[in-house]
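Me: Could you take a close look at the aromatic pairs in this model and what surrounds them? Please then follow the description outwards to the sheets and the backbone details.

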Amino acid sequence: MDKIKVLLADDDIALGNIITLALEEEGYEVHYQTSAAGLAAIVKEWQPDIIVLDVELGRSSGIDLAPQLKALAPETPLLFISSHVGAETVAQALETGAVTYLKKPFEMAELTAYLRRYAPGHRPKGIPLGPLYLDPQTHELMRDGMTLHKLSLSEFRLLRLLALHPNRTVTRREMENELWEGGIGNEQSLNNHILRLRRYLADESNVEIRTLPKEGYRLQIKG
């Protein structure tokens, strides 16, 4: 299988080099740009499988540039990364058609989870959780093609949320928004969901749902 082609544009050279090396070690082919200059030509000529774009590229705005890139490659997923965490900036970025907005600092496992999820033609069968994966069609938790557990819709949505943010704290509010319309849910029901998910993962030494008191939960993946 051909390598997944990632176009990375970030003016933080130190971080950009770290991301590039990490992705190349994971088997991706990366074209790294430090500015907006020439990005449109690269998209047209190189035809990346996915674009990872910083919101701030020197004096240029990745948000302003995104529509041009999407016009050149409408089927290519675009993912924003940025240290700007304001709700208005995030909303503007997503309105360009980006698939997600990853806030710096982030773990490489979180970035690669999104790459695996969105790169067209290269998606795995499911959403990775260390040695396991979630099948988004059947809502099954699997390992090596074998079904370990069949999850309910709410269990699947909750574990998917944690899996898409590995090694990062997911707040109770984020979980409630995922499970219940308007984010208004039952605290005990959420606790019961977490308890069941922990039972499903009990035999996995490298995958654990950790409680962060007064903060939320974290899907801890080792290795």
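**The aromatic pairs and their surroundings**

Reply: Phe80 counts as buried, because its relative accessibility is 0%. The model in which this residue is described is a predicted one. When the whole structure is searched, two aromatic pairs are found. In one of them, the ring centres of Phe80 and Tyr101 lie 6.4 Å apart and the ring planes meet at 35°, so this pair is classed as tilted. Because Phe80 belongs to strand 6 and Tyr101 to strand 7 (residues 100-103), the pair ties together parts of the chain that are 21 residues apart in sequence. Tyr101 has a relative accessible area of 9%, and since the limit for a buried residue is under 20%, Tyr101 is buried. In another aromatic pair, Tyr114 and Tyr118 are stacked, with 6.3 Å from centre to centre and 10° between the planes. These two tyrosines are four residues apart in helix 5 (residues 108-118), so about one helical turn separates them. Tyr114 counts as buried at 5% relative accessibility, and Tyr118, with a relative accessible area of 18%, is also buried.

Ser82 belongs to the surroundings of the tilted pair, since its side chain makes a polar contact with the side chain of Tyr101 at 3.4 Å. This serine lies in strand 6, which covers residues 78-82, and Ser82 is buried, with a relative accessible area of 0%. The side chain of Ser82 also reaches the backbone nitrogen of His84, at 2.9 Å. If neighbours within four places in sequence are left aside, the residues in contact with Ser82 are Asp54, Val55, Tyr101, Leu102, Lys103 and Lys104.

One of the residues on that list, Lys104, leads on to a backbone detail: the peptide bond from Lys104 to Pro105 is cis, with omega near -5°. Pro105 itself is found in the loop that runs between strand 7 and helix 5, while Tyr101 lies in strand 7 and the stacked tyrosines lie in helix 5. As background, most peptide bonds are trans, and most residues other than glycine have a negative phi. His139 has phi near 65°, a positive value in a residue that is not glycine. The loop that holds His139 lies between strand 9 (132-135) and strand 10 (140-143), and at 17% relative accessibility His139 counts as buried. Lys214 likewise is not a glycine and has a positive phi, of about 65°. This lysine sits in the loop between strand 13 and strand 14, and Lys214 is exposed, with a relative accessible area of 91%.

Another residue in contact with Ser82 is Asp54, and strand 3 spans residues 50-54. Strand 3 pairs with strand 1 in the parallel sense, over four bridges, and within this pairing Val6 has Ile50 of strand 3 as its bridge partner. Strand 1 (residues 5-9) is mostly covered, with four of its five residues buried. Strand 1 is also joined to strand 2 (residues 29-33) by five bridges, and these strands run parallel. Leu7 stands opposite His31, a residue of strand 2. Between these strands the chain passes from strand 1 through helix 1 (residues 13-25) to strand 2, in a β-α-β crossover that is right-handed.

The loop of Lys214 leads in turn to an open sheet of three strands, which are ordered 12-14-13 and pair in the antiparallel sense. Strand 12 (169-171) and strand 13 (207-212) stand at the edges with a single partner strand each, so one side of each is left without a neighbour in the sheet. With direction ignored, neighbouring strands of this sheet are turned by 25° against each other on average. Strand 12 and strand 14 (residues 216-221) run antiparallel and are joined by three bridges, and Val170 stands opposite Tyr217 in strand 14. Helix 6 (residues 153-163) packs on this sheet, where it touches strand 12, strand 13 and strand 14, and the direction of helix 6 makes about 65° with that of strand 14. Helix 8 (residues 187-200) lies across strand 13 and strand 14, and runs at about 150° to strand 13.

Notes: Residues are numbered from 1 along each chain as its sequence is written. This is a predicted model: local features need pLDDT of at least 70, side-chain atom pairs count only at pLDDT 80 or more; totals for chains, interfaces and linings use all residues. Side-chain values use heavy atoms; hydrogens and water are left out. Buried means under 20% relative accessible area, exposed over 50%, partly exposed in between (1.4 Å probe, protein chains only). A polar contact is a pair of N or O atoms within 3.5 Å; within protein, one must be able to donate a hydrogen and the other to accept it, and residues adjacent in sequence count only if both atoms are side-chain atoms. Contact means heavy atoms within 4.5 Å. Rings of Phe, Tyr and Trp (its six-membered ring) pair if their centres lie within 6.5 Å; planes under 30 degrees apart count as stacked, over 60 as edge-to-face and the rest as tilted. Two strands pair if DSSP finds at least two bridges between them. A crossover is right-handed if, with the strands pointing away from the viewer, the path from the first strand over the helix to the second runs clockwise. Axes are lines fitted to C-alpha atoms, for helices over the stretch in contact, and angles run from 0 to 180 degrees between N-to-C directions.
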